[in-house]
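Visitor: I am new to this structure, and I would like to understand the words used for its parts. Could you take me through them step by step?

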Amino acid sequence: QVQLVESGGGLVQAGGSLRLSCAASGRTFRSCGMGWFRQAPGKEREFVAGISWSGGRTAYADSVQGRFTISRDNAKTTVLLLMNNLNTEDTGVYYCGAERSLTDRDYVPRTPGGMNYWGKGTLVTVSS
């Protein structure tokens, strides 16, 4: 079992930056690929960034490539999402998710339906 708690959301002007944090608990965290997803009002939850449980592989949605950076600290059981040059289309609730990947240390989760655990989300609002 893995419990996830997101923090770091808030209101920021376009062009600004935020750092989201996902604190994880549970002994299986270290064998989970982790992902950040977001959901804007009236839209489906979408993939933003993912990282393997080894930390060696990452993936990003095209819309955030070059602006967002995902990282993890397995010792501190934390996953971070650094978001730079934010724009109004980045507004939404950001969720941290975990997907078990016992046999592939380099697997990067990308699909909301594949996640085994979710946090409750943190709201990011970007104003123009």
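**Reasoning from values to words**

Guide: Let us begin with a pairing in this predicted model: strand S4 (residues 32-39) is joined to S5 by 5 bridges, and the two strands run antiparallel.

Visitor: What makes S4 and S5 count as paired strands?

Guide: Pairing requires at least two bridges between two strands, and because S4 and S5 are joined by 5 bridges, they meet that requirement. Within this pairing, Met34 stands opposite Ile51 in S5, and the two strands form a hairpin with 6 residues between them, where Gly42 in the turn has a positive phi of about 80 degrees.

Visitor: Which strand is joined to S5 by 3 bridges?

Guide: That is strand S6 (residues 58-60), which runs antiparallel to S5, and here Ala49 stands opposite Tyr60 in S6. S5 and S6 also form a hairpin with 6 residues between them, and Gly55 in the turn has a positive phi of about 85 degrees.

Visitor: Why is strand S5 described as largely enclosed?

Guide: Of the 6 residues of strand S5 (residues 46-51), 5 are buried, so the strand is largely enclosed by the rest of the structure.

Visitor: Why is the pair of Phe37 and Trp118 called edge-to-face?

Guide: Ring centres must lie within 6.5 Å for a pair, and planes over 60 degrees apart count as edge-to-face. The rings of Phe37 and Trp118 have their centres 5.1 Å apart and their planes at 70 degrees, so both conditions are met and the pair is edge-to-face. This pair links distant parts of the chain, with Phe37 in strand S4 and Trp118 in strand S10 (residues 117-118), 81 residues apart.

Visitor: How do you know whether Phe37 and Trp118 are buried or exposed?

Guide: Buried means under 20% relative accessible area, exposed means over 50%, and partly exposed lies in between. Phe37 has 0% relative accessibility and therefore counts as buried, whereas Trp118, at 30%, counts as partly exposed.

Visitor: What makes Tyr95 and Trp118 an edge-to-face pair?

Guide: Their rings lie 6.3 Å centre to centre, with 85 degrees between the planes, so they satisfy the limits of 6.5 Å and 60 degrees. Tyr95 lies in strand S9 (residues 92-100) and Trp118 in strand S10, so the pair ties together parts that are 23 residues apart in sequence. Tyr95 itself, at 13% relative accessibility, counts as buried.

Visitor: Which residues form one aromatic cluster?

Guide: The cluster is formed by Phe37, Phe47, Tyr95 and Trp118.

Notes. Residues are numbered from 1 along each chain as its sequence is written. This is a predicted model: local features need pLDDT of at least 70, side-chain atom pairs count only at pLDDT 80 or more; totals for chains, interfaces and linings use all residues. Side-chain values use heavy atoms; hydrogens and water are left out. Buried means under 20% relative accessible area, exposed over 50%, partly exposed in between (1.4 Å probe, protein chains only). Helices (H or I, at least four residues) and strands (E, at least two) are DSSP runs, numbered from the N terminus. Rings of Phe, Tyr and Trp (its six-membered ring) pair if their centres lie within 6.5 Å; planes under 30 degrees apart count as stacked, over 60 as edge-to-face and the rest as tilted.
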